[in-house]
Amino acid sequence: MLTGKKIKTKGYFSLKAKSNLIEQNFYINNPKRDEIIIKVKYCGLCQSDIKLINKNWHFAKFPFVPGHEIIGEVFKKGKNVKKFSLNERVGVGWFSKFCMKCKNCKDGNENMCQRYELTCVGRNGGFANFVKIDQSSVFKIPKKIKSSHAASLLCAGWTIFGALKNFNIKKGSTVGILGIGGLGHLGIKFGKKLGYKMVGITETKTKLKDIIKLGSNEAYHFNQFIKFKNKFDYLIITSHHNYDWKAVIKPMAYDSTLCFVSRPSKDLKLNVFDFMSKRIKITASPGSSKKNMVEMLKMSAKYNIYPNIQEFKIKEINLAIKRLIQNKIRYRAVMKVF
Ligand SMILES: [Zn+2]
Ligand SMILES: [Zn+2]
């Protein structure tokens, strides 16, 4: 694998918007001082990968290898990397570098780093044999968590955990999650353990029974949900759909919070009066902090909170993408890479 200063690797590239991923060889340069080359074992498939592949998000840069729920082993490391040893199991999520110098990094809000870099934007992600990441965004994985499970925790788990932890939700609050996929199903599991009364909301009728099995106190179809009034203290939107936002806000309680962890493709159509009279706060949560990642992984291991996954071989990546777009994944697709 080592040829001079470069490592030959194989990856699944998105060459242009809305096309199938294509297997190609490429080279990774030796790690710089703070970089780690990870031999990828598993990588989860996230809706954000689809958004990049389809160029729904303007910042997608082609060609690139998607995949940002990476589990693997330290294969090579730069001379400043002391925290991780060779062959140690590690994980990476949406971010591939935090500057660790800006105010937000210093305050422990690395997910709002002013100079962050993303794992598969302007660089290649985890649907490849090797990936190179700055040590600032690499995490140790508790022994107890299986690699295939840990993968999905690194973006889906981390992101939803941040939304559940960082907005001062009181124990016993009624917390709704609109959209039960990769993030949503983990949100039900973590939210329950954090002491909230969880309510799963879906547009897919066949998911209703599952949502209760995941541990949710209640489960509703979207059409039932919009009939409630003043019920939800906190509502997380994990879906990319463009809902009637006036209808979504009606079931919210006084002084409640609506939090987006996804981005609907159209701008929100809301009048200030829709949320003023009940003093509803509208916010969004990008990924999560390093502290949250460590806490989430610890909680996963301690309480056996794991994702429901469907495993694919890396060669089946285009099939997994197709199934995710068709809403057929329950609830996270994970590729076995090596
Ligand atoms: Zn993601
Ligand atoms: Zn920073």
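Two strands pair if DSSP finds at least two bridges between them; strands (E, at least two residues) and helices (H or I, at least four residues) are DSSP runs, numbered from the N terminus. The model shown in these close-ups is predicted, with local features needing pLDDT of at least 70 and side-chain atom pairs pLDDT 80 or more, while totals for chains, interfaces and linings use all residues. Residues are numbered from 1 along each chain as written, chains are lettered from A and ligands numbered from 1 in written order, and side-chain values use heavy atoms, without hydrogens or water.

**View 1. Strands β4, β5, β6 and β10 join through antiparallel pairings.**
Start with β4 (35-45), which runs antiparallel to β5 and is joined to it by 7 bridges. To find your place in this pairing, look for V40, whose bridge partner in β5 is G72. Strand β5 covers residues 70-77, and 4 bridges connect it in the antiparallel sense to β6, residues 89-92. Two facing positions make handy landmarks here: I70 stands opposite V92 of β6, and E73 stands opposite R89 of β6. From β6, you can carry on to the short run of β10 at residues 139-140, where 2 bridges form another antiparallel pairing. The residues to look for at this step are G91 and its bridge partner in β10, F139.

**View 2. Three protein residues hold the zinc ion, ligand 1.**
The protein donors (N, O and S atoms within 2.8 Å of the metal, or 3.2 Å for Na, K and Ca; water is not among the atoms, so sites may look incomplete) are C46, H68 and C155. Both cysteines offer their SG atoms and the histidine its NE2. Their distances from the zinc ion lie in the range 2.0 to 2.2 Å. Read along the chain, the donors of the zinc ion follow the spacing C-x21-H-x86-C. The two cysteines bring distant parts of the chain together, as C46 and C155 are 109 residues apart. C46 comes from the loop between β4 and α1 (47-53), whereas C155 belongs to helix α3. Both C46 and C155 are buried (under 20% relative accessible area with a 1.4 Å probe, protein chains only; over 50% is exposed, and in between is partly exposed).

**View 3. Helix α3 bends at L153.**
Helix α3 spans residues 147-165, and C155 is one of them. Follow the helix and you will meet a kink of about 50° centred on L153; the bend at a residue is the angle between axes fitted to the seven residues ending there and the seven starting there. How much of α3 is covered? Most of the helix is, with 18 of its 19 residues buried.

**View 4. Two cis peptide bonds can be picked out, one at P63 and one at Y331.**
One cis bond joins F62 to P63, with omega at about -10°. You will find P63 in the loop between α1 and β5. The other cis bond joins R330 to Y331, and omega is about -10° there too. Y331 sits in the loop between α10 and β18 (332-336).

**View 5. K18 and M100 have positive phi values although neither is a glycine.**
Zoom in on the loop between β2 (6-13) and β3 (22-29) to find K18. Phi of K18 is near 60°. Is this lysine, K18, buried or exposed? K18 is exposed, because its relative accessible area is 64%. For M100, turn to the loop between β7 (95-97) and α2 (103-106). Here phi is about 65°. M100 counts as partly exposed because its relative accessibility is 34%.

**View 6. F127 is a buried residue in a loop.**
F127 belongs to the loop between β8 (117-118) and β9 (130-134). With a relative accessibility of 0%, F127 therefore counts as buried. Look also for K41: its C-alpha atom lies 9.6 Å from that of F127, while 86 residues separate the two in sequence.

**View 7. I325 is an exposed residue of helix α10.**
Helix α10 takes in residues 317-325, I325 among them. Why does I325 count as exposed? I325 does so because its relative accessibility is 54%. For a second isoleucine in this view, find I309, which is 16 residues from I325 along the chain. The C-alpha atoms of I309 and I325 are separated by 16 Å.
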